[in-house]
Amino acid sequence: VQLQASGGGLVQAGGSLRLSCAASGRIFSSAVMAWFRQAPGKEREFIALIRWGGGRTYYSDSVEGRFTISRETAKNTMYLQMNNLKPEDTAVYYCARDIQWSFQAAEYKYWGQGTLVTVSS
């Protein structure tokens, strides 16, 4: 299983970005895919997750209403649409995959390499 995250970049506060996470191999409907982020000097933080089959989602309080997680099953790709970005959203964003409905980074077995999002004020 390989995950490839992309789409990060530099954006001004209030702007938008869309991250993508392309997964290799077959993804079963029971799989859970998630986004985490890690700012310098901080622990990895849960952002959002989605059940591959059915599309059930869950968000952290810090991003709910601003970020939207989705997936395109035909392309084996997950997305994170980020709107109204704030400087505090600056971090390396990681995608992850497992079968547990979990908000804990330690529960995820497979990780992408991360993509940097920088939000300027």
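Asp89 and Arg66 are both buried in this predicted model, and they are a good place to start looking. The two residues form a salt bridge, with their closest N and O atoms 2.7 Å apart. This pair links distant parts of the chain: Asp89 sits in the loop between strand 8 and strand 9, Arg66 in the loop between strand 6 (57–59) and strand 7, and 23 residues separate them.

Asp89 has a second partner. Its side chain also meets that of Arg37 in a salt bridge, at 2.8 Å from N to O. Here too the chain is bridged over a distance, since Arg37 belongs to strand 4 and lies 52 residues from Asp89. Arg37 in turn forms a salt bridge with Glu45. Together, Arg37, Glu45, Arg66 and Asp89 are linked in a network of salt bridges, and the structure holds four salt bridges. The general idea is simple: side chains of opposite charge can pair when their charged atoms come close.

| Salt bridge | N to O distance |
|---|---|
| Asp89 and Arg66 | 2.7 Å |
| Arg37 and Asp89 | 2.8 Å |
| Arg37 and Glu45 | 2.9 Å |

How much of this network is open to the outside? Asp89 has a relative accessible area of 1%, so it counts as buried. Arg37 is buried as well, at 6%, whereas Glu45 is partly exposed at 30%. Besides its two arginine partners, Asp89 touches Phe67, Asn84, Val117 and Val119, leaving aside residues up to four places away in sequence.

**Aromatic residues**

Now for the rings. The structure holds eight aromatic pairs. One of them is Phe36 with Trp111, a tilted pair at 5.1 Å centre to centre and 55° between the planes. Phe36 is in strand 4 (residues 32–38) and Trp111 in strand 10 (residues 110–111), 75 residues apart. Phe36 is buried because its relative accessibility is 1%, while Trp111 is partly exposed at 26%.

Phe46 and Phe103 make another tilted pair, at 5.0 Å centre to centre with 40° between the planes. Phe46 lies in strand 5 (residues 45–51) and Phe103 in the loop between strand 9 and strand 10, so this pair ties together parts that are 57 residues apart in sequence. Phe46 is buried at 10% relative accessible area, and Phe103 is partly exposed at 34%.

These four residues belong to one aromatic cluster, formed by Phe36, Phe46, Tyr58, Tyr94, Phe103, Tyr108 and Trp111. Charges meet rings too: the charged end of Arg44 sits over the ring of Trp111, 4.7 Å from its centre. Likewise, the charged end of Arg56 sits over the ring of Trp101, 4.3 Å from its centre.

**An open sheet**

Which strands make up the open sheet, and in what order? Four strands do, in the order 1-3-8-7, with antiparallel pairing. Strand 1 and strand 7 (67–72) are the edge strands, each pairing on one side only. Neighbouring strands of this sheet are turned by 15° against each other on average, direction ignored.

At one edge, strand 1 pairs with strand 3 (residues 17–23) in the antiparallel sense over four bridges. Leu3 has Ala23 of strand 3 as its bridge partner. Along strand 1 (residues 3–6) the side chains alternate: Leu3 and Ala5 point to one face and are buried, while Gln4 and Ser6 point to the other and are not.

Conventions: Residues numbered from 1 in each chain as written. Predicted model: local features only at pLDDT ≥ 70, side-chain atom pairs only at ≥ 80, totals over all residues. Heavy atoms only, no water. Buried < 20%, exposed > 50% of the residue type's maximum accessible area, 1.4 Å probe, protein only. Contact = heavy atoms within 4.5 Å. Helix = DSSP H or I, 4+ residues; strand = E, 2+ residues; numbered from the N terminus. Pairing = 2+ DSSP bridges. Phe/Tyr/Trp six-rings, centres within 6.5 Å; stacked < 30°, edge-to-face > 60°. Lys NZ or Arg CZ within 6 Å of the ring centre and 35° of its normal. Axes fitted to C-alpha atoms, helices over the stretch in contact; angles between N-to-C directions.
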